[in-house]
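User: I have a structure open and don't know where to start. Can you walk me through a few of its contacts?

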Amino acid sequence: MSPAIMDNIFHKLRNLDAYPKINEDFSSRTFSGGVISVASFIVMFLLFFSEFRLYLHTVTETKLIVDTSRGETLHISFDVTFPAIPCSLLSLDAMDISGEQHFDIRHDIMKKRINAHGDLIEARQDGIGAPKIETPLQRHGGRLENGETYCGSCYGAEESDDHCCNSCEEVREAYRKKGWAVTYADLIDQCKREGFIQKVKDEEGEGCNIVGSLEVNKVAGNFHFSPGKSFQHAPVHLYDLLALPEANYNMSHRINKLAFGAYFSGVVNPLDGVRWVHETPNGIYQYFIKVVPTIYTDIRGRTVNSNQYSVTEHFQSAEFLRPGTHPGVFFTYDLSPIKVTFKEEHTSFLHFLTHICAIIGGVFTIAGIIDSFVYHGQRAMRKKMEMGKFR
């Protein structure tokens with residue numbers, strides 16, 4: 001390529017220069033311009049540092065989608081303290097709209113006896129009473145079979161001739177299946193032998209901290225804590241009050257923890273730390289909970305399937321209870337059809353560069369406008385002063 005053609009190309013490129021240069025002989029530097037330049041660099045540095053911190057931190061993208069999942073289960077974990085209900089009386093039941101019912105749940109449950117000051121007395125897995133008797137021992141109402149095994153009476157609730165009740169709990173379970181309530185447990189030989197009623201009386205004045213978890217169908221339902229052991233007979237929900245029907249139950253409680261699903265960063269459980277204190281006995285505390293399925297994905301791509309929830313509280317005092325209504329703390333939950341997804345991610349590098357360019361260009365433009373305003377203002381004032389001096 002000839003030198004003439006090269007010179008022609010360079011000349012055309014020079015004509016495309018969007019930043020024409022001014023000869024230094026025709027430019028001047030001012031004190032105000034220096035101050036504005038220093039201030040501009042400080043502002044750009046601060047804005048750059050702020051933008052860089054935002055770039056290093058993650059942002060959470062939130063989406064709402066329809067929950068189409070089916071056949072899943074809902075994990076409920078709880079930690080509730082009842083300062084006026086002994087552990088021997090406290091039971092947990094769960095049921096849902098699909099018809100599944102669980103009474104006096106004991107698996108995955110830990111009960112902690114506490115005194116009036118909240119100090120721990122004893123921690124044990126749920127369930128009290130002695131183990132089954134397997135030694136050849138004749139008791140009141142018992143029957144010996146082959147001279148080896150003790151077979152306790154079910155006190156009229158036997159399902160067959162060879163049905164044995166070797167513990168107080170088995171007698172009560174047999175009564176529940178018949179739809180009978182055990183109103184005088186102190187007359188049952190197994191309960192007397194195990195000291196069942198005495199244990200209940202020994203725990204009088206104590207409280208109970210119940211900790212555990214439930215795995216239920218992912219449909220609307222409820223679970224509740226109540227004194228006594230509940231059971232279903234035909235369409236009626238009944239309670240075995242351990243031969244203490246005249247007792248009054250103060251259902252004051254503190255919810256230390258209630259979560260539907262696993263923990264994830266940023267989750268807020270509105271019932272954690274909630275406390276209800278009521279002086280009158282036999283009231284019903286109700287919590288109506290709306291559970292929102294949630295999927296959380298962290299910056300490393302790990303996904304947590306969990307839930308959030310909102311709650312409405314209601315208390316019904318004893319004088320307004322319907323006849324036959326039992327005191328307790330009820331948690332009624334329903335599932336939202338909308339699922340929330342949270343996804344952590346970094347801001348893209350190109351987005352970061354765009355913001356940096358916007359900061360530099362914006363600060364330079366604003367600084368130039370301010371400098372021009374100050375410069376021309378100073379010149380106008382100087383001219384007026386010179387004109388006044390010559391007059």
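Analyst: We can go through aromatic pairs, salt bridges and a surface patch, keeping in mind that this is a predicted model.

User: How many aromatic pairs are there in the whole structure?

Analyst: A search of the whole structure gives 22. Take F223 and Y333: their ring centres are 6.4 Å apart and the planes are at 40°, so the pair is tilted.

User: Which parts does that pair tie together?

Analyst: F223 is in strand β10 (residues 221-227) and Y333 is in strand β17 (residues 328-335), so the pair ties together parts 110 residues apart in sequence.

User: Are F223 and Y333 buried or exposed?

Analyst: Both F223 and Y333 are buried. They also belong to one aromatic cluster, whose members include F78, F82 and Y287.

User: New topic. How many salt bridges?

Analyst: The search finds seven. In one of them, D67 pairs with K218, with the closest N and O atoms 3.7 Å apart. D67 sits in the loop between β1 and β2, and K218 in the loop between β9 and β10, 151 residues apart.

User: Why does D67 count as buried?

Analyst: Its relative accessibility is 18%, and buried means under 20%.

User: What else does K218 meet in a salt bridge?

Analyst: E72, at 3.1 Å from N to O. E72 counts as partly exposed, at 39% relative accessibility. Shared partners join D67, E72, K218 and K339 into one network.

User: And the surface patch, what forms it?

Analyst: I5, M6, I9, F10, L13 and L16 form a nonpolar patch with about 560 Å² of accessible area together. I5 lies in helix α1 (residues 3-15).

Definitions and conventions
Residues are numbered from 1 along each chain as its sequence is written. This is a predicted model: local features need pLDDT of at least 70, side-chain atom pairs count only at pLDDT 80 or more; totals for chains, interfaces and linings use all residues. Side-chain values use heavy atoms; hydrogens and water are left out. Patches are made of residues with over 30% relative accessible area and no salt bridge: like charges are joined within 9 Å, nonpolar side chains (Val, Leu, Ile, Met, Phe, Trp, Tyr) within 5 Å. Accessible areas come from the Shrake-Rupley method with a 1.4 Å probe; for residues, only the protein chains shown count as cover. A salt bridge is a side-chain nitrogen of Lys or Arg within 4 Å of a carboxyl oxygen of Asp or Glu. Helices (H or I, at least four residues) and strands (E, at least two) are DSSP runs, numbered from the N terminus. Rings of Phe, Tyr and Trp (its six-membered ring) pair if their centres lie within 6.5 Å; planes under 30 degrees apart count as stacked, over 60 as edge-to-face and the rest as tilted. Buried means under 20% relative accessible area, exposed over 50%, partly exposed in between (1.4 Å probe, protein chains only).
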